[in-house]
Amino acid sequence: MVALRHDLHRHPELGFQEHRTKATVAAFLRDLGIEVHEGAGVVGVLKAGTGGRVIGLRADMDALPIQETGSHDHLSTNAGVMHACGHDGHTTMLLAAAEILARNPDFVGTVVFLFQPNEEHGLGAQAMIDEGVLSRFSIEEVYGIHNLPGAPVGQLSTRIGQICTSETLFEIKIDGQGGHASMPHVGVDTITVGSEMVLALQTIVARKLPPGAGVVVSVTEFLTDGQRNVLPGHATLKGDMRARTPEDRQAAVGFMQQIVDGVAATHKVSASLTCKTEFIETINAPEPVAAVVRAGRAAGLEVVPDRPPMSFSEDFAHFCAAVPGCFLLLGNGETGAHGRPLHASDYDFNDALLSLGARFWVELVRDRLGADKSRKPFP
């Protein structure tokens, strides 16, 4: 499995371009005798016994447009693309669990292995849902793992309720009157107007929403048609807003609209706001969380059952919005490449998690689908 993980790491692929990765996953599952369906992603179906619950286990497959700068011996061979988030490890852990379960199917029910594309842009989970993956295979519960650099190796943490924030991308377009830099009073330059909007947007958090709400509003781009001695008549502000609840997300968008309209009216310019929620909030259901905690302890992992919510976003949220689910984190280590932040160019997934993650997945299946008491010990 380490060799497989390193092979996936050497050949990273961006969202909806995971052709080699999908072929590798599908071939691995077929070699185990697991029923395989290919579409936006790869789906493996493993049934044991008659009847029983149907659960989905998800791993993401895509990489990021980052040039790798690490020093290990399995560096990316695809220039400008790397597995900087550990999706190669997530995929390998789930394949390892599939192999164990296929060789020793000591459960009653159906396990649906969901190998998902394009998590990084928030499009892959919805693409699989749109293909009917949940309804076609009658999935009743869904589970997903993500590694967490900076946490002790194998520490499992999760929580009931919101665990990851939403991400809403926004764009503000301002149309004023450009002119000569020496005569700003003749027109309305959009740098001044846009700057007022940038500062006013920062009053949403802690002045219009509670400081502890967890909302973050960040302007990340300020684009104009100005030149060295030309005041711009047009400007575009782009940014990113995070929220922990749908109510706070909707409230923040409302306050943003008020600010844009108010500042524009003050300066007698035209301005528009558009918002697109790329990731919704990830909400864990109580029963799946309880099962994850039990399985983690059965697998011998250190379990943190009520961790604080994470500030990043996850498109696993779309699965959780459709059926009860649980998103959990496994510590990737605290030092070296394993402790580097997600999306860092020198980050690397910790191979020690492969056996720990596979062990957890197997215990979760046994918990939800009822293990045979005569089962063989975990390999």
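Modeller: Two residues are said to be in contact when heavy atoms of theirs lie within 4.5 Å. In this predicted model, 80% of the contacts between residues at least 6 apart in sequence join residues that are at least 24 apart.

Biologist: What does the protein come to in secondary structure, and how much of the protein is made up of buried residues?

Modeller: The secondary structure comes to 12 helices and 16 strands, and buried residues make up 54% of the 379 residues. The C-alpha trace spans about 85 × 40 × 40 Å along its principal axes.

Biologist: What makes the pair of Phe-360 and Trp-361 a tilted one?

Modeller: The search of the whole structure finds 3 aromatic pairs, and in the one formed by Phe-360 and Trp-361 the centres are 5.6 Å apart, with 50° between the planes. Rings pair if their centres lie within 6.5 Å, and planes that are neither under 30 degrees nor over 60 degrees apart count as tilted, so the pair of Phe-360 and Trp-361 is called tilted.

Biologist: How do you know whether Phe-360 is buried or exposed, and how is Trp-361 classed?

Modeller: Buried means a relative accessible area under 20%. Phe-360 has 0% and therefore counts as buried, and Trp-361, with 1%, is buried too.

Biologist: Which residues have the most contacts inside the largest nonpolar core, and which helix gives the largest share of this core?

Modeller: The core has 54 residues, and those with the most contacts inside it are Leu-29, Leu-57, Phe-113, Phe-115, Phe-360, Trp-361 and Leu-364. Its largest share, 9 residues, comes from helix 12, which covers residues 352-369. Leu-57, leaving aside its neighbours within four places in sequence, is in contact with nine-residue-long company that can be named in part, including Leu-94, Phe-113, Tyr-143, Trp-361 and Leu-364.

Biologist: Why is the pair of helix 9 and helix 12 given the orientation it has?

Modeller: The axes of helix 9, residues 286-298, and helix 12 come within 8 Å and cross at roughly 125°. That angle falls in none of the ranges set for roughly parallel (under 35 degrees), roughly perpendicular (65 to 115) or roughly antiparallel (over 145), and the two helices are therefore oblique to each other. Their crossing is right-handed. Residues that make the contact include Ala-291, Ala-295 and Ala-298 of helix 9, together with Phe-360, Leu-364 and Arg-368 of helix 12.

Biologist: What makes the orientation of helix 6 and helix 8 parallel or antiparallel?

Modeller: Helix 6, residues 190-201, packs on helix 8 at an angle of about 150°, with the axes 10 Å apart. Angles over 145 degrees count as roughly antiparallel, so helix 6 and helix 8 are roughly antiparallel to each other. Helix 6 passes helix 8 in a right-handed crossing, and among the residues that meet are Val-193, Met-197 and Leu-201 in helix 6 and Met-256, Ile-259 and Val-263 in helix 8.

Biologist: Why is Pro-246 classed as it is for exposure, and where does Pro-246 lie?

Modeller: Pro-246 lies in helix 8, which covers residues 246-267. The class between buried, under 20%, and exposed, over 50%, is partly exposed, and Pro-246, with a relative accessible area of 31%, is therefore partly exposed. Pro-246 and Ser-166 are 80 residues apart in sequence and 8.2 Å apart in space, C-alpha to C-alpha.

Biologist: What is the phi of Asn-118, what is the phi of Ser-138, and how do you know whether Asn-118 is buried or exposed?

Modeller: Asn-118 has a phi near 40°, which is positive in a residue other than glycine, and Ser-138, which is not a glycine either, has a positive phi of about 55°. Asn-118 is placed in the loop between strand 4 and helix 4, and its relative accessible area of 4% is under the 20% limit, so Asn-118 is buried. Ser-138 is in the loop between helix 5 and strand 5, and its 46% lies between 20% and 50%, so Ser-138 counts as partly exposed.

Biologist: Why is His-9 classed as it is for burial, and with which residues is His-9 in contact?

Modeller: His-9, in helix 1, has 0% relative accessibility, under the 20% limit, and therefore counts as buried. Leaving aside neighbours within four places in sequence, His-9 is in contact with Glu-68, His-72, His-74, Leu-75, Ser-76, His-83, Asp-88 and Asp-348.

Definitions and conventions
Residues numbered from 1 in each chain as written. Predicted model: local features only at pLDDT ≥ 70, side-chain atom pairs only at ≥ 80, totals over all residues. Heavy atoms only, no water. Phe/Tyr/Trp six-rings, centres within 6.5 Å; stacked < 30°, edge-to-face > 60°. Buried < 20%, exposed > 50% of the residue type's maximum accessible area, 1.4 Å probe, protein only. Core = buried A, V, L, I, M, F, W, Y, C linked by side-chain atoms within 4.5 Å. Helix = DSSP H or I, 4+ residues; strand = E, 2+ residues; numbered from the N terminus. Axes fitted to C-alpha atoms, helices over the stretch in contact; angles between N-to-C directions. Left-handed = near helix turned anticlockwise from the far one by under 90°.
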